[in-house]
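Open your viewer and keep the selection tool at hand. We will start at the ligand and then step back.

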Amino acid sequence: MWRQIEKIAADVKPKFRVLVIANQKGGVGKTTTAINLGTALAAVGERVLIMDLDPQGNASTGLGLSRQERKITTYEVLTDAATIAEAIVATKIPGLSLVPSTRDLSGAEPELMSQPRRNFRLRDAFEAFAATDPGITYVLIDCPPALTLLTINAMVAADAVVVPLVCEFFPLEGLSQLVSTIELVRGGLNPKLAIQGVVLTMFDKRNTLTEQVAADVRAHFGDKVYQTVIPRNVRVSEAPSHGLPALIYDVKCPGSQAYIKLAAELIQRERQLNHMAA
Ligand code: ADP
Ligand code: MG
């Protein structure tokens, strides 16, 4: 009897949530959001894994991992040469670990094109990882600025998408392409994929265009847009060159404080999503 209960408990034990940070535009704050949201979640006791899925490796650099230290990377995970458990490394931040990337990752896409289950490589890898009971509660995947096979793999493996957006000219035009990709994935490869939220980044409240674009985005996406906006803040942009999250480099700066608020809002939404699913 007790054995049975233990088995049932193991089966229903919630697996980590996989959130993919995606936008095919470069320079919108994907990597900054992955690093600082990850740090903020870790600070409140979550156990977070950031997966660097961009061949530029900015998340790995921003977390202070030198090129020489990147031995087993997302490239090996995608091409089945290593497991996530083998690729994972600790960072300086307690509760935050990383699967790093290097330029090698740009070779994964052409290699995978002719392979079976090419869209499911990450999902398969995360399922194997979950079976090792790694004690991770959140995975954040930092995507490259493209809607190609790497991002599709991330969306297929994910529970939900977080979309960073800069309030500049015509952000909705670029977003429609992203939203149709999400719809496409939801229509076949991963029906459960949700949009966790849209986060307005590098917000400059002195700029009237910013306010106007933000209003348009909120009119279009409604309450999918987080209340918290991330201000443009020079301390946030300085932090990566020190190999540190802004939250560690300068926790008091407005950008860091905004990421702490964003994490709280995200957790609140996760509770609602789980409540609805239950
Ligand atoms: P992406 O990953 O979408 O290409 P990044 O996160 O690398 O975008 O951000 C692009 C650039 O903008 C980086 O130099 C980063 O340091 C800077 N940046 C990101 N967020 C902020 C912010 N809130 N304030 C100031 N600079 C920022
Ligand atoms: Mg990036």
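Select Thr-31 and ligand 1. A polar side-chain atom of Thr-31 sits 2.8 Å from an oxygen atom of the ligand. That is a polar contact, meaning a pair of N or O atoms within 3.5 Å. This is a predicted model, where local features need pLDDT of at least 70, side-chain atom pairs count only at pLDDT 80 or more, and totals for chains, interfaces and linings use all residues. Residues are numbered from 1 along each chain as its sequence is written, chains are lettered from A and ligands numbered from 1 in the order written, and side-chain values use heavy atoms, without hydrogens and water.

Next, pick Thr-32. An N or O atom in its side chain is 2.5 Å from an oxygen atom of ligand 1. Now Gly-27: here a polar backbone atom lies 2.7 Å from a ligand oxygen.

Show everything around ligand 1. You should find 14 residues, each with a heavy atom within 4 Å of the ligand. Among the closest are Pro-231 and Asn-233. Colour this shell by class: five residues are nonpolar, seven polar and two charged. Gly counts as polar here.

Which helix gives the most to the shell around ligand 1? Select H2 (30-43): H2 gives three residues. Helix H11 (234-238) supplies at least two. Helices are DSSP runs (H or I, at least four residues), and strands are too (E, at least two), numbered from the N terminus.

Zoom out. The protein chain has 13 helices and seven strands. Its C-alpha trace spans about 60 × 45 × 40 Å along its principal axes.

Key. Polar contact = N/O pair within 3.5 Å; in protein donor to acceptor, adjacent residues only side chain to side chain.
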